[in-house]
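Welcome! Please take a look at the sequence and the 3D structure below, and keep both at hand while you work through the exercises.

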Amino acid sequence: MQTEAMPVVNKFQLKEDLDPVFPKGVPWIRYHGIYKDLHINLVWPGKDLTLGVDSVGTISASLVTYAAIQALQPDLIINAGTAGGFKVKGACISDVFLVSDVAFHDRRIPIPVFDLYGVGSRQSFSTPNLLKELNLKAGKLSTGDSLDMSPQDEASIVANEATVKDMEGAAVAYVADLLKVPAIFIKAVTDIVDGDKPTAEEFLQNLAAVTAALEQAVAQVVDFISGKCLSEL
């Protein structure tokens, strides 16, 4: 979302691409710049051309990830964003998680082997030194295309052993895995899914404050990455 992206854009003084690398007519936006020894590209899916809201969800995430990899050939993808957290797993508002594994919770295909394909479980790129140095929380991420959680989704999320849930991560992981680009996932908790408050209300209430925590975490991660090889992360 734009609210998630702009604090990071401002932190690293990134500039909007005036000669877009993406197909004509799509709303996808790239900001770019150099920070220390790193070439940073920040890409967000932009606003829906019909309704004017942020283009959230797995479809936009998949398309933008594919297009960005094709156009920019990154060494590493950082999927940074907000997420719902589960208090039963120890998540609190503004906690920032470095994700160990990702999976889908709303692709139910009750046929042998297709069921595993639907879940699409994948490990993120392993960064043990990053996790230790920055003292981030670690947890599994479950992805679906709805902000709320149906009983069927909840059962799948429990099966996925997820601490946080979002609407993009597993889609980004699918494309990154397909094109063999390492990907890590940084998720900041805006709402407690198994808490007492309505999810949408709590999400909007905490979004601004939590994106500040997300920006700080992303900055720390980028600082840690600077000067290192992937194998040193």
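Here are some exercises, each with a worked solution.

This is a predicted model, in which local features need pLDDT of at least 70, side-chain atom pairs count only at pLDDT 80 or more, and totals for chains, interfaces and linings use all residues. Residues are numbered from 1 along each chain as its sequence is written, and side-chain values use heavy atoms, with hydrogens and water left out.

**Exercise 1. Bends and spans in a helix**

Find where helix H7 has a kink, and compare its span with that of a straight helix.

Solution.
- Step 1: Locate the helix. H7 covers residues 199–225; helices here are DSSP runs of H or I with at least four residues, strands are runs of E with at least two, and both are numbered from the N terminus.
- Step 2: Work out the straight span. With 27 residues at 1.5 Å a residue, a straight helix would span 39 Å; the expected span is 1.5 Å times one less than the number of residues.
- Step 3: Compare. Between its end C-alpha atoms, H7 spans only 34 Å.
- Step 4: Look for the bend. A kink of about 55 degrees is centred on leucine 207, where the bend is the angle between axes fitted to the seven residues ending there and the seven starting there.
- Step 5: Look past the end. Glycine 227, which follows H7, has a positive phi near 85 degrees.

**Exercise 2. Salt bridges**

Determine how many salt bridges there are, and examine three of them.

Solution.
- Step 1: Start with the idea. Side chains of opposite charge can pair when their charged atoms come close.
- Step 2: Apply the rule. A salt bridge is a side-chain nitrogen of Lys or Arg within 4 Å of a carboxyl oxygen of Asp or Glu, and the count comes to 8.
- Step 3: Take arginine 30 and aspartate 17, whose side chains meet at 3.1 Å, N to O. Arginine 30 belongs to strand S2 and aspartate 17 to the loop between strand S1 (15–16) and S2, so this pair ties together parts 13 residues apart in sequence. Arginine 30 and aspartate 17 are buried (buried is under 20% relative accessible area, exposed over 50%, partly exposed in between, with a 1.4 Å probe and protein chains only).
- Step 4: Move to lysine 187 and aspartate 166, with their closest N and O atoms 2.9 Å apart. This pair links distant parts of the chain, with lysine 187 in strand S9 (residues 183–192) and aspartate 166 in strand S8, 21 residues apart. Both lysine 187 and aspartate 166 are buried.
- Step 5: Finish with aspartate 54 and lysine 47, where the closest N and O atoms are 3.4 Å apart. Aspartate 54 is buried because its relative accessible area is 15%, while lysine 47, at 30%, counts as partly exposed.

**Exercise 3. A helix and a surface patch**

Decide whether helix H6 is largely enclosed or open, then identify the nonpolar patch to which it contributes.

Solution.
- Step 1: Count the buried residues. In H6, 7 of the 10 residues are buried, so this helix is largely enclosed by the rest of the structure. Among them are Gly169, Val172 and Val175.
- Step 2: Turn to tyrosine 174, which is also placed in H6. Tyrosine 174 is partly exposed because its relative accessible area is 31%.
- Step 3: Find the patch. Ile111, Phe114, Tyr117, Tyr174 and Leu178 form a nonpolar surface patch with about 520 Å² of accessible area together. Helix H3 (114–119) and helix H6 (169–178) each supply at least two of its residues.
- Step 4: Check past the helix. Lysine 180 follows H6 and has a positive phi near 60 degrees.

**Exercise 4. Residues in loops**

Compare lysine 36 and glutamate 161 by loop and exposure, then list what threonine 163 contacts.

Solution.
- Step 1: Place lysine 36 in the loop between strand S2 (29–35) and strand S3 (38–44). Its phi is positive, about 55 degrees, although lysine 36 is not a glycine. At 55% relative accessibility, lysine 36 counts as exposed.
- Step 2: Place glutamate 161 in the loop between helix H5 (151–159) and strand S8 (164–166). Glutamate 161 also has a positive phi of about 55 degrees without being a glycine, and is partly exposed at 45%.
- Step 3: Stay between H5 and S8 for threonine 163, which counts as buried at 7% relative accessibility.
- Step 4: List its contacts (heavy atoms within 4.5 Å). Leaving aside neighbours within four places in sequence, threonine 163 touches Gly84, Gly85, Phe86, Lys89, Ala91, Phe97, Gly139 and Lys140.

Notes. Patch = residues over 30% accessible without salt bridge, like charges linked within 9 Å, V, L, I, M, F, W, Y side chains within 5 Å. Areas by Shrake-Rupley, 256 points an atom, 1.4 Å probe, with all protein chains shown as cover.
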